Amino acid sequence: GPQQGGKLRQGTACLSTIPGVSAGNGCGHTLLTPHSGTLSSKNYPGTYPNHTMCCWRLQAPPGSSLLLAFGDVDLEPSEHCAHSSLLLADPQTGTAYGPYCRNSVPSAPLLVTNSSTVTVLFNSTSHRSGRGLLVSYATSQHPGMGTASPGMQRHPWDVPDPPLTMCFSVYCPAGCKDIHGDIWGNPSQGYRDTSVLCKAAVHAGVIADELGGQVTLSREKGITLYESAFANGLRSKRGSLSEKRLVFHKVCCLLSPACDDVLEVVTFNASSWWHEVDVLGQDRAWVAERAALSTTGHSWAAEPSAKAAWLELDLGTRRNVTGIITKGSSEQHDYYVTSYHVSSSRDGKNWRPYRGSSGQEDKVFEGNADSQGEVSNAFIPPIVARYIR
């Protein structure tokens with residue numbers, strides 16, 4: 001049977017792997033950070049392969065301990081889970097948890113360890129069925145951890161069912177953007193309560209997928225129709241009536257959400273603009289001032305031969321900028337921008353590229369796929385600057 005808190009078994013593999021790294025041919029979607037992460041078996045939620053293994057080494061900061069949430073453990077049953085198994089090991093104390101499979105599941109959906117290091121080992125031999133596994137983790141500083149499991153979509157947070165409009169908080173681990181499961185709705189309307197919660201939080205722009213984080217939301221009365229939207233690299237679905245919906249808040253929902261205000265642009269500037277002469281010989285200037293989202297008619301467009309075009313916004317004074325919305329121009333032409341970089345400046349002379357929460361390389365934002373729809377991208381962390389380019 002499962003070794004719940006028993007001593008570490010002989011032969012537990014990969015204890016010497018580098019912290020925060022996965023190894024093996026059975027690893028699926030994985031994102032590991034020091035404070036939280038998400039991991040799954042190959043092909044999840046499809047059937048996992050025969051004769052495969054994966055080992056993840058989780059390493060939390062010194063002085064903290066790891067909490068693991070079992071979103072889904074569906075491994076083909078066998079005696080002592082000999083054919084397919086999930087085994088967790090704490091090398092600091094010599095404690096093991098498992099092995100787990102379908103006939104020997106974890107006794108609780110949340111495992112609280114007393115260690116900052118945990119090795120997660122998945123093995124399979126020949127089998128016929130099983131979705132595999134989906135596990136998320138966070139450190140002990142974040143006890144209210146939500147799961148990323150599509151099997152727990154109704155209420156994927158570990159708190160009692162709250163009254164309507166009540167504000168509550170959940171910690172979402174890193175790596176939920178690419179897990180299996182759907183979301184219905186958008187940041188302005190809210191989301192059907194059957195949406196995968198932490199994936200919806202990424203779509204709403206309240207957390208960055210590569211970091212995860214605490215989200216504040218309320219559970220409110222459902223609406224007749226949820227419109228689809230593309231935001232922060234995810235497309236939500238168009239959905240019909242639901243009894244309840246989830247609304248995310250960038251500040252506590254008891255206060256005015258001031259960070260959703262639209263900032264006024266004092267001046268637009270650009271690297272170049274297109275001076276169009278149509279077939280009738282009429283002039284049309286696609287100048288920078290036409291870049292405002294509310295402008296009717298044609299937009300700004302760079303000179304067609306421009307190699308590195310940019311659009312610059314002067315906000316008049318230093319402001320806190322939490323995101324950007326882009327739209328193409330369908331006025332006679334089907335024009336739109338598919339991706340872009342962002343840089344900022346406090347004086348209009350010295351520019352700093354935006355690197356997002358990872359801080360390693362300039363972030364590429366995913367833009368529009370047509371000239372009709374609006375696409376929003378959040379800045380996490382926000383940009384504090386007067387000029388945005």
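Is Y191 buried or exposed? In this predicted model, Y191 is buried, with a relative accessible area of 1%, and the residue serves here as an entry point to the aromatic contacts of the chain.

A search of the whole structure finds eleven aromatic pairs. In one of these, Y191 and F248 are arranged edge-to-face, with 5.7 Å from centre to centre and 70 degrees between the planes. The two rings belong to distant parts of the chain, since Y191 is found in strand 14 (residues 190-192) and F248 in strand 20 (residues 244-249), 57 residues apart. F248, at 10% relative accessibility, also counts as buried, because the limit for that class is under 20%. A tilted pair is formed by W274 and W286, whose centres are 5.2 Å apart and whose planes enclose 35 degrees. W274 is part of strand 22 (residues 274-277) and W286 is part of strand 23 (residues 283-286), so that this pair ties together parts twelve residues apart in sequence. Both positions are buried by the criterion used, W274 at 15% relative accessibility and W286 at 0%. Elsewhere, ring pairs join Y340, Y354, F365 and F379 into a cluster.

Aromatic rings also face charged side chains. R192 lies over the face of W184, at 5.4 Å from the ring centre, and R389 is placed over the face of W310, at 3.7 Å from the ring centre.

Y191 appears again in the surroundings of H203, a residue of helix 1 (residues 197-204). H203 counts as buried, at 0% relative accessibility. When residues up to four places away in sequence are not counted, H203 touches Y191, and its other contacts include I183, G185, N186 and P187 as well as A229, F230, A231 and N232. L234, R235 and S236 are also among the residues that H203 touches.

R389 likewise recurs, in the surroundings of S343, which is found in strand 26 (residues 343-345). S343 is buried, with a relative accessible area of 16%. Leaving aside neighbours within four places in sequence, S343 is in contact with W351, R352, P353 and Y354, and also with Y387, I388 and R389. Y354, one of these contacts, is a member of the aromatic cluster described above. The C-alpha atoms of S343 and K363 are separated by 9.8 Å, the two residues being 20 residues apart along the chain.

The strand arrangement was examined next. Strands of a sheet pair through backbone hydrogen bonds, in either a parallel or an antiparallel sense. Five strands form an open sheet in the order 3-4-11-6-9, with antiparallel pairing. Strand 3 (27-32) and strand 9 (110-112) stand at the edges, where each has a single partner strand, so one side of each is left without a neighbour in the sheet. From one strand to the next, the twist averages 15 degrees. Strand 9 is paired with strand 6 (residues 66-74) in the antiparallel sense over three bridges, and L68 stands opposite L111 in strand 9.

Side chains of opposite charge can pair when their charged atoms come close. The count for this structure comes to eleven salt bridges. In one of them, the side chains of R102 and D74 meet at 3.0 Å, N to O. Because R102 lies in the loop between strand 8 (95-100) and strand 9, whereas D74 lies in strand 6, the pair ties together parts that are 28 residues apart in sequence. R102 counts as partly exposed, at 34% relative accessibility, while D74 counts as buried, at 11%.

In a further salt bridge, the side chains of R284 and E276 meet at 3.9 Å, N to O, and both of these residues are buried. The side chains of D314 and R386 also form a salt bridge, at 2.8 Å, N to O. D314 lies in strand 24 (residues 311-327) and R386 in strand 29 (residues 374-388), so this pair ties together parts that are 72 residues apart in sequence. D314 is buried, with a relative accessible area of 10%, whereas R386 is partly exposed, with a relative accessible area of 28%. Finally, salt bridges that share partners join D72, D74, R102 and R131 into one network.

Terms used
Residues are numbered from 1 along each chain as its sequence is written. This is a predicted model: local features need pLDDT of at least 70, side-chain atom pairs count only at pLDDT 80 or more; totals for chains, interfaces and linings use all residues. Side-chain values use heavy atoms; hydrogens and water are left out. Rings of Phe, Tyr and Trp (its six-membered ring) pair if their centres lie within 6.5 Å; planes under 30 degrees apart count as stacked, over 60 as edge-to-face and the rest as tilted. Helices (H or I, at least four residues) and strands (E, at least two) are DSSP runs, numbered from the N terminus. Buried means under 20% relative accessible area, exposed over 50%, partly exposed in between (1.4 Å probe, protein chains only). A charge sits over a ring if NZ of Lys or CZ of Arg is within 6 Å of the ring centre and within 35 degrees of the ring normal. Two strands pair if DSSP finds at least two bridges between them. Axes are lines fitted to C-alpha atoms, for helices over the stretch in contact, and angles run from 0 to 180 degrees between N-to-C directions. Contact means heavy atoms within 4.5 Å. A salt bridge is a side-chain nitrogen of Lys or Arg within 4 Å of a carboxyl oxygen of Asp or Glu.
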